[in-house]
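Student: I have a new model open and I'd like to learn how to read it. Could we go through it together?

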Amino acid sequence: MAILLGSIADDYTGASDLANTLMKNGLRTVQTVGIPDPSLALPDVDAVVVSLKIRSVAAAEAVAAATAADGWLRKRGAIHVLYKICSTFDSTDTGNIGPVTNALSGGSADSVVLVTPAFPETGRTVYLGHLFVGEQLLNESPLKDHPLNPMHDANLVRVMARQSRGAVGLVGLSTVSDGPEAVKTRLETLRATGVTAAIADAIFERDLETLGTVALQTWVSTGASGLGLGLARALVRSGQVPLRTGATADAIRPVGGLAAIVAGSCSKATLQQLAIAEQSMPVLRLDPERLLAGSEEINAAISWAGDRISAGPIVIAASAAPEMVSQLQSRYGRDASGHAIESATSSIAAELVARGVRRMVIAGGETSGAAVDRLGIPAFLIGPEIAPGVPVLRTIGNVQGDMLLALKSGNFGGGDFFAAALAMMH
Ligand SMILES: Nc1ncnc2c1ncn2[C@@H]1O[C@H](COP(=O)(O)OP(=O)(O)OP(=O)(O)O)[C@@H](O)[C@H]1O
Ligand SMILES: O=C(O)[C@@H](O)C(=O)CO
C-alpha cells in the first residue's frame, strides 16, 4: 500500500475528525489504531491517519510513539506527515505538542514547522497567534475547565515556546493573506533567526489552503483538521491525487446488533447532549466516587443496561460538571481519577459489546481511546459525516465482527448529536 499523506493523531477522536476532513476534501483515507499489524489488510488509500493516545502522557513516551508511527508512514511513501493536535491546542506546559513537533522535524535547521490549530468550520480561528473558540479567547472558553488539560493562555506562541526546545515564531494573518510565496519568505526569515516552529494565523479556509500549499513542500506540519483541509486540497490541486468524493459504500453497510452510547467527556457540548438525550433515551449517570472505589458500580451499570438495551439505545455516562470534576480531582488527583474513570468506561463498553452491541457512540477523546483499545479494534474505514469533525466509522479487522462507531470529540456536535448519530448507524 503506497500513500501520499501521513498523519499521526494525538487522540482517537481527533484522528477520526481529520480522516473525515481528508475524505471530504478528496483523499481516500483510513484510520489505524497505532501502527497496524503487518497482517491487517488495508484498502488502497491516499492517506493514513495513525491514531495514538499520546495527548496526556509524558513527553518522552509521546515522542517515542510518534517517531515510530512516522517511520511506518514514511516507509509507506508519505511525502508529508501532519501531527494532528486538538483544535483547542489541548496540552500542558510540560505537554507534547512542542516535543513531538521538534522530534518529527528531526530538529532540522532546514525549515520551520508550520503549526496551526485553526478549524474554521468548528469556530476555531487564530489571529496574531491567539486562539479563539467561537467568539471567546481560548482561556475564556470552556477549555479553561478541561479535566486533563485546562487551557489558561490563548497566546499559542507562548504556549508552544514553553513546551519547545527551539524558539517559536509567528506567521501573521497579513502574511498568510498575501499567499504561499509570502509565507515561505516569512518562514525563511524566521529560520535565519533560529526559529524552529511558527504558529500561523488562519481565519478562513482560504488561509488554510495557503498554509497547506506551503506545508506540503515541507517534511512535517502540526495542526488540526483545518490544516488537513489545506494539505488535502493542495495535493488534489497539484494533480498528485485525483479528486474522489464521498464515503466508501462499504463504510455504511448496516451491521445490525444493539446500540449504545458511552460518555466520559465532561465538555460543555457533551453535557448538553446528555441532557437532551435524557428526554428520549434511558440514561444512566455513573457515580464517579463509586467507580473509583471498585468494580461494583461497573457491574451495576451492566445489569442496568441488560434490563433495557434490547428495547432500544441506552446511554451510560461518567460525565460531570466542572465543579464536580474538580472536587473529585482534588481528592484523588487529576491523572488518577481520569485514568480510573477511563478504565471503568472502557470496561463498560467491552461488556456492552460482549452482550451484542455493534453500534456505539463514544464521547470524549481519552474515553474513546481507552474503549477502542479495550475492544482491540485495529482500524477504521471512514463513513459519512454526522456533524463537523465526527464521521461514522466502520471497523476493519475487528475480532467481534463489523461494528459502526462514532468517536465524538468532547466539544463537537449539536444538542441532538446522539440521536443524529444513531439515525445514521444501522
Ligand atoms: N465525573 C468525572 N470526574 C472527573 N473526571 C472525569 C469524570 N468523568 C470523566 N472524567 C475524565 O475526564 C476526562 C475527559 O476527557 P476526554 O478526552 O474523554 O473528553 P473531552 O476532553 O471532552 O474530549 P476531547 O479530548 O475529545 O475534547 C477523561 O479522563 C475521563 O475519564
Ligand atoms: O481538533 C479537535 O478539536 C478534535 O479533533 C480533537 O482532537 C478533540 O479531541
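**Helices that cross**

Tutor: Sure! Keep in mind that this is a predicted model. Let's start with a pair of helices: the axes of helix H7 (residues 205-216) and helix H8 (residues 225-237) cross at roughly 65° and come within 7 Å.

Student: How do I put that angle into words, and what does it make H7 relative to H8?

Tutor: Angles of 65 to 115 degrees count as roughly perpendicular. That is why H7 is described as roughly perpendicular to H8. As for handedness, H7 passes H8 in a right-handed crossing.

Student: Which residues of H7 and H8 meet there?

Tutor: On the H7 side they include Leu208, Leu211, Ala215 and Leu216, and on the H8 side they include Leu227, Leu231, Ala234 and Leu235. Sorted by class, the residues of this H7 and H8 contact are nine nonpolar, four polar and four charged.

Student: At what angle do the axes of helix H6 and H7 cross?

Tutor: Helix H6 (residues 180-192) and H7 have axes that cross at roughly 55° and come within 9 Å. Because of that angle, H6 is called oblique to H7. H6 passes H7 in a right-handed crossing. Pro180, Val183, Lys184 and Leu187 of H6 make the contact with Thr210, Leu211, Thr213 and Val214 of H7. By class, that gives five nonpolar, two polar and one charged residues.

Student: Let's zoom out. How many helices and strands does the protein have?

Tutor: There are 15 helices and 18 strands. To judge the overall build, you compare the radius of gyration with what a rule predicts for the chain length: here it is 21 Å, close to the 22 Å that the globule rule gives for 426 residues, so the protein is as compact as a globular protein of that length. Its C-alpha atoms fill a box of roughly 65 × 45 × 35 Å along the principal axes.

Student: What share of the residues is buried?

Tutor: Buried residues account for 58% of the 426. You can also ask how far along the chain contacts reach: of those between residues at least 6 apart in sequence, 74% join residues at least 24 apart.

Student: Can we finish with a single residue? Where is Arg158 found?

Tutor: Arg158 sits in helix H4 (residues 156-163). Its relative accessibility is 45%, so Arg158 counts as partly exposed. For a link across the sequence, take Arg158 and Asp93: they are 65 residues apart in sequence, while their C-alpha atoms are 9.8 Å apart in space.

Terms used: Residues numbered from 1 in each chain as written. Chains lettered and ligands numbered in written order. Predicted model: local features only at pLDDT ≥ 70, side-chain atom pairs only at ≥ 80, totals over all residues. Heavy atoms only, no water. Axes fitted to C-alpha atoms, helices over the stretch in contact; angles between N-to-C directions. Helix = DSSP H or I, 4+ residues; strand = E, 2+ residues; numbered from the N terminus. Parallel < 35°, antiparallel > 145°, perpendicular 65-115°, else oblique. Left-handed = near helix turned anticlockwise from the far one by under 90°. Contact = heavy atoms within 4.5 Å. Nonpolar A, V, L, I, M, F, W, Y, C, P; charged D, E, K, R; others polar. Rg over C-alpha atoms; globule rule 2.2 N^0.38 Å. Buried < 20%, exposed > 50% of the residue type's maximum accessible area, 1.4 Å probe, protein only.
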